[in-house]
Amino acid sequence: MLLGAGKVARVKRQVILGKPIPVEQVIALSKTLGGRIAIARHAAGMSQWDLCAKVHVSQPLISLWERNRVAPDDAAVRLIAKATGCTVSYLTTAPVVRKAA
């Protein structure tokens, strides 16, 4: 199930606000680097402000990354992974989603 841009934006707002998210929407978010950053940040219990303090960038830049407007450089990806407790490969590798037979 693919979600339109508006629906993905609403899902990301739910991640940011810490509301429960249906599995289908998490799968949709996990297809992009920005979505995986938002998921990792949320799973770590961090706000965008918390993450920007640990990565030493501005909060608007975190927002741009999570909305896939700008991609973080390799050094920033490593800092994000360290701050959120996930791996660099999780952030940089899109998952393979298979449909049930």
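## Two sides of helix H4

In this predicted model, helix H4 spans residues 48–55. Gln48, Leu51, Cys52 and Val55 are its buried residues. They lie on the same side of H4, because they cover an arc of only 100° around the axis. The spacing fits a general rule. An α-helix has 3.6 residues a turn, so residues three or four places apart point the same way.

The other side of H4 holds Trp49 and Ala53, which are exposed.

## The ends of H4

Ser47 caps the N-terminal end of H4. One of its side-chain oxygens lies 3.2 Å from the backbone nitrogen of Trp49. Just after H4 comes His56, with a positive phi of about 65°.

## Packing against H5

Helix H5 covers residues 59–66. H4 and H5 pack at an angle of about 105°, and their axes are 8 Å apart. Angles of 65 to 115 degrees count as roughly perpendicular; H4 and H5 are therefore roughly perpendicular to each other.

H4 brings Gln48, Trp49, Leu51, Cys52 and Val55 to the contact. H5 brings Gln59, Ile62, Ser63, Trp65 and Glu66. Six of the contact residues are nonpolar, three are polar and one is charged. The buried residues Gln48, Leu51, Cys52 and Val55 take part in this contact. So does the exposed Trp49.

## The whole chain

The protein has seven helices and zero strands. Its elements run α-α-α-α-α-α-α from the N terminus on. Of its 101 residues, 34% count as buried. Among contacts with a separation of 6 or more, 49% join residues 24 or more positions apart.

Note on methods. Residues numbered from 1 in each chain as written. Predicted model: local features only at pLDDT ≥ 70, side-chain atom pairs only at ≥ 80, totals over all residues. Heavy atoms only, no water. Buried < 20%, exposed > 50% of the residue type's maximum accessible area, 1.4 Å probe, protein only. Helix = DSSP H or I, 4+ residues; strand = E, 2+ residues; numbered from the N terminus. Arc of directions from axis to C-beta. Polar contact = N/O pair within 3.5 Å; in protein donor to acceptor, adjacent residues only side chain to side chain. Axes fitted to C-alpha atoms, helices over the stretch in contact; angles between N-to-C directions. Parallel < 35°, antiparallel > 145°, perpendicular 65-115°, else oblique. Contact = heavy atoms within 4.5 Å. Nonpolar A, V, L, I, M, F, W, Y, C, P; charged D, E, K, R; others polar.
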